[in-house]
Amino acid sequence: MSRPTSELITDWIPDWVQSRPVVDQLGDSKNDIELPPIKIPERCVPIGNDVGILNLSDDSFTRVTKSVLVTTNPNRTVHRKLRGIHLFMISLNGTLGAGLYWRGGLALEVGGALNLVLSFLLVGILAWAVMQCIAEMLCVWPIPGALSVYVRTFVDDELGIVVGLTYWFTYSVSFAALLVTVAAEAALWIDGNNVIYRTITYLIIPFILVLINAVEVGIFGWIEVAFGSIKLVLLTFIIATLVAIRVKEGNITPWDANKAIDFDRTVASDLPTALLIAISITIYAYVGIEIVAASAVEARATTSSTRASKPEATTVVGQRVRFSAIYFPLLAAAAYTLSSMLASFSIPRDHCRLPRLNPSEKPGCDQNESNLDSTSVFVIVARESGIQGLEHAFNGIIIFTALTCANTNLYVASRSLFGLTTRLEGGSRQPLYIRLLALFGKTNRRKVPIRAVVFSAMAFCWVPLIQLIGNNSTTSNTSIEILGQMGSVGVIIVWTCECLAFIRYYHCITKHQKALDQHRIPRVRRHDYQNDDYPYRSHAQPFLAYAALTGCLLTLMVASSSALWKGFRVETFLSSYLIVTIFLVIWLALKIFRGGKLTPVDLSNADRIIDKIRNLHDICFEANLVVSPTGVLNGSQNGTKK
């Protein structure tokens with residue numbers, strides 16, 4: 001049915017300006033009221049406050065139906081239209097950005113060829129271990145703001161809030177930093193002082209990316225598939241070209257042993273220290289590995305053989321996110337390691353055009369050789385090859401990669417902000433700051449959190465203007481390094497907290513296994529292989545989680561500080577510790593403001609744990625809910641044998 005003309009008002013007009021009926025996901029208009037009770041089976045959605053009678057016998061339980069009042073406002077829900085291929089490509093676009101192409105040159109100059117390859121490989125292994133922990137919890141509870149909720153539930157309430165804020169900050173500031181990267185790489189073609197160039201970079205491009213993020217999520221998913229497919233083709237082209245260059249030169253052997261272990265002695269005293277610095281640099285390339293946790297809330301809850309109203313929705317969502325969460329880190333690690341190895345075959349560590357942590361110290365290089373119109377190791381390799389036009393082709397690939405990565409980072413930042421605020425009540429009795437924050441948890445008619453998109457894009461809109469300071473690229477490159485490193489440290493903080501959340505979750509359900517079985521709590525009986533409803537068991541747990549936690553802590557406390565061991569530099573100190581300081585200050589401020597204790601949440605009481613898990617199941621049910629025209633989700637199914 002066509003809609004009245006009066007309803008065709010742009011979604012950019014706030015709700016307080018216009019009054020219109022709420023439209024749910026099935027396109028039916030209704031007043032903004034609470035939904036009627038929804039009947040669902042006990043087995044699929046455990047509810048904290050029982051309604052009805054559970055009829056148990058010694059060896060089985062019978063069919064039971066509960067009436068649950070779901071108070072989720074349709075204005076605070078999203079469409080669930082992302083397929084598995086969409087989730088994979090969103091992860092790829094958000095991860096494969098400027099980290100490999102831009103910061104790989106800096107890691108090569110600092111650590112040398114061997115350390116460059118080792119740093120990409122080791123960080124890739126760490127990212128896979130972290131994602132094993134996140135993937136297991138995500139398959140059980142694919143919910144909005146998942147990374148924040150897991151920490152709030154199993155570690156500390158205030159810590160979870162700060163983790164959510166840090167995650168949003170990382171991707172919002174990375175969005176701005178990638179625009180700086182685009183502007184810096186375009187300097188190969190265009191004068192940075194050109195007015196048209198500045199206008200396009202600082203105004204038009206962000207506006208276009210906001211428009212792309214404003215489209216309906218099903219369309220956005222296919223846009224990401226198109227971008228991701230192109231990026232895979234371009235990465236394959238770069239790898240093949242690097243191999244061809246080596247063949248053309250008649251030398252396909254690896255590095256010379258002495259040159260491979262050479263490193264920058266102005267910033268590191270020994271080879272292990274150079275490796276730690278290289279690790280702290282290459283982490284930026286892996287920012288985005290955990291993006292599937294942010295996009296899972298919009299994953300399709302149905303398959304071709306199931307109806308939207310079936311209670312298996314949560315299981316279907318878990319299956320869709322599992323592949324990206326488990327296998328994408330391995331793919332990224334392989335691609336990064338191979339690409340960096342091939343690049344290091346073709347260019348020496350002490351090449352004059354490679355960026356340095358100490359830009360003023362370039363022995364043996366004159367001013368013309370040191371001018372950095374591009375600091376990408378791949379562009380430099382293309383230039384040195386002598387193949388006409390190749391450096392411009394590589395430069396265009398890097399710009400396209402950075403732009404598409406910025407587009408995905410804006411998506412992740414907006415969904416992170418939406419996940420933090422979607423369950424806030426914005427009533428008139430709430431404090432003003434709660435009402436303001438609640439606005440970011442609302443969606444428009446296309447079920448896009450457009451306020452969160454616009455705010456995430458504008459929050460650090462001043463960052464690209466840093467590039468206007470000064471007449472050379474030194475200031476721009478320094479700003480990129482600081483912002484990139486801040487994003488890297490922010491992600492490591494989040495990874496650390498997620499590993500801790502999984503460890504506490506694992507020991508919690510292990511300790512209270514008998515109580516969970518007695519209360520028939522589904523989807524958390526990890527050790528029950530007979531009546532198996534546990535969606536995914538990650539490998540070698542909890543030892544892998546402890547190893548991942550140790551790796552994150554060492555990276556955060558040791559690797560991030562290693563660049564300061566041979567001399568203090570303000571830029572390095574700020575990029576490594578500014579976000580850590582802000583994180584701790586906000587956490588302590590929340591503790592004081594909310595009267596929280598400086599101890600983790602108590603997981604020793606079985607009844608409290610059951611309530612926590614039931615609450616997570618409730619959130620998961622609401623997130624995966626598709627409301628029928630009558631407001632009733634019909635269907636129940638028989639319980640399974642104990």
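Visitor: Where is Arg523 found?
Guide: This is a predicted model, and one spot to look at in it is Arg523. Its phi is positive, about 70°, although Arg523 is not a glycine. Buried means under 20% relative accessible area, so Arg523, at 10%, counts as buried. As for its place, look in the loop between α17 and α18.

Visitor: Which peptide bond is cis, with omega near 5°?
Guide: Stay in the loop between α17 (513-518) and α18 (543-557), because Pro542 lies there too. The cis bond, with omega near 5°, is the one from Gln541 to Pro542.

Visitor: Is Lys447 buried or exposed?
Guide: Lys447 sits in the loop between α14 (432-439) and α15 (450-458). Lys447 is not a glycine, and yet its phi is positive, about 60°. Its relative accessibility is 2%, and the cut-off is 20%, so Lys447 counts as buried.

Visitor: What reach does helix α19 have from its first C-alpha to its last?
Guide: Helix α19 covers residues 570-594, which is 25 residues. At 1.5 Å a residue, 36 Å would be expected. The model comes close to that, with a reach of 34 Å.

Visitor: Where is the kink in α19 centred?
Guide: The helix α19 has a kink of about 40°. To find its centre, go to Tyr577.

Visitor: Which residue follows α19, and what is its phi?
Guide: Helix α19 runs over residues 570-594. Right after α19 comes Gly595. The phi of Gly595 is positive, near 70°.

Visitor: How many residues of the nonpolar patch come from α19?
Guide: The patch on the surface is formed by Leu165, Phe568, Val570, Phe573, Leu574, Leu578, Ile582 and Ile586, with about 660 Å² of accessible area together. One of them, Leu574, is found in α19, and at 35% relative accessibility Leu574 counts as partly exposed. Helix α19 gives the largest share of the patch, six residues.

Visitor: Why do residues three or four places apart in an α-helix point the same way?
Guide: Helix α19 also has buried residues, among them Ser576, Ile579, Val580, Phe583, Trp587, Leu590 and Lys591. As for the general rule, the answer lies in the turn: an α-helix has 3.6 residues a turn.

Visitor: Which side chain makes a polar contact with the side chain of Lys591?
Guide: Lys591 is one of the buried residues of α19. Its partner is in helix α4 (residues 157-186) and counts as buried, at 6% relative accessibility. The contact is 3.0 Å, and the side chain in question belongs to Glu158.

Visitor: How many residues of α4 are buried?
Guide: Helix α4 has 30 residues and reaches 44 Å from its first C-alpha to its last, close to the 44 Å expected. At its start, a side-chain oxygen of Asp156 reaches to within 3.2 Å of the backbone nitrogen of Glu158. The helix is mostly covered, and of its 30 residues the number buried is 28.

Visitor: Which residues do salt bridges that share partners join into one network?
Guide: Begin with a pair, Glu391 and Arg383, whose closest N and O atoms are 3.0 Å apart in a salt bridge. Glu391 counts as buried at 17% relative accessibility, while Arg383 is partly exposed at 23%. Elsewhere, salt bridges that share partners make one network, and its members are Arg152, Asp156, Asp157, Glu158, Lys591 and Arg594.

Visitor: How many residues apart are Lys81 and Glu216?
Guide: Their side chains meet in a salt bridge, 2.9 Å from N to O. The pair links distant parts of the chain, with Lys81 in the loop between β4 (65-68) and α1 (84-95), and Glu216 in the loop between α5 (195-213) and α6 (217-248). Lys81 is partly exposed at 37%, whereas Glu216 counts as buried at 14%. Along the chain, the two are apart by 135 residues.

Visitor: What separates the C-alpha atoms of Glu224 and Thr404?
Guide: Glu224 has its place in helix α6 and counts as buried, at 0% relative accessibility. Thr404 is 180 residues from Glu224 along the chain. Their C-alpha atoms are separated by 8.3 Å.

Terms used
Residues numbered from 1 in each chain as written. Predicted model: local features only at pLDDT ≥ 70, side-chain atom pairs only at ≥ 80, totals over all residues. Heavy atoms only, no water. Helix = DSSP H or I, 4+ residues; strand = E, 2+ residues; numbered from the N terminus. Expected span 1.5 Å × (residues − 1). Bend = angle between axes of the 7 residues up to and from the residue. Buried < 20%, exposed > 50% of the residue type's maximum accessible area, 1.4 Å probe, protein only. Patch = residues over 30% accessible without salt bridge, like charges linked within 9 Å, V, L, I, M, F, W, Y side chains within 5 Å. Areas by Shrake-Rupley, 256 points an atom, 1.4 Å probe, with all protein chains shown as cover. Salt bridge = Lys/Arg side-chain N within 4 Å of Asp/Glu carboxyl O. Polar contact = N/O pair within 3.5 Å; in protein donor to acceptor, adjacent residues only side chain to side chain.
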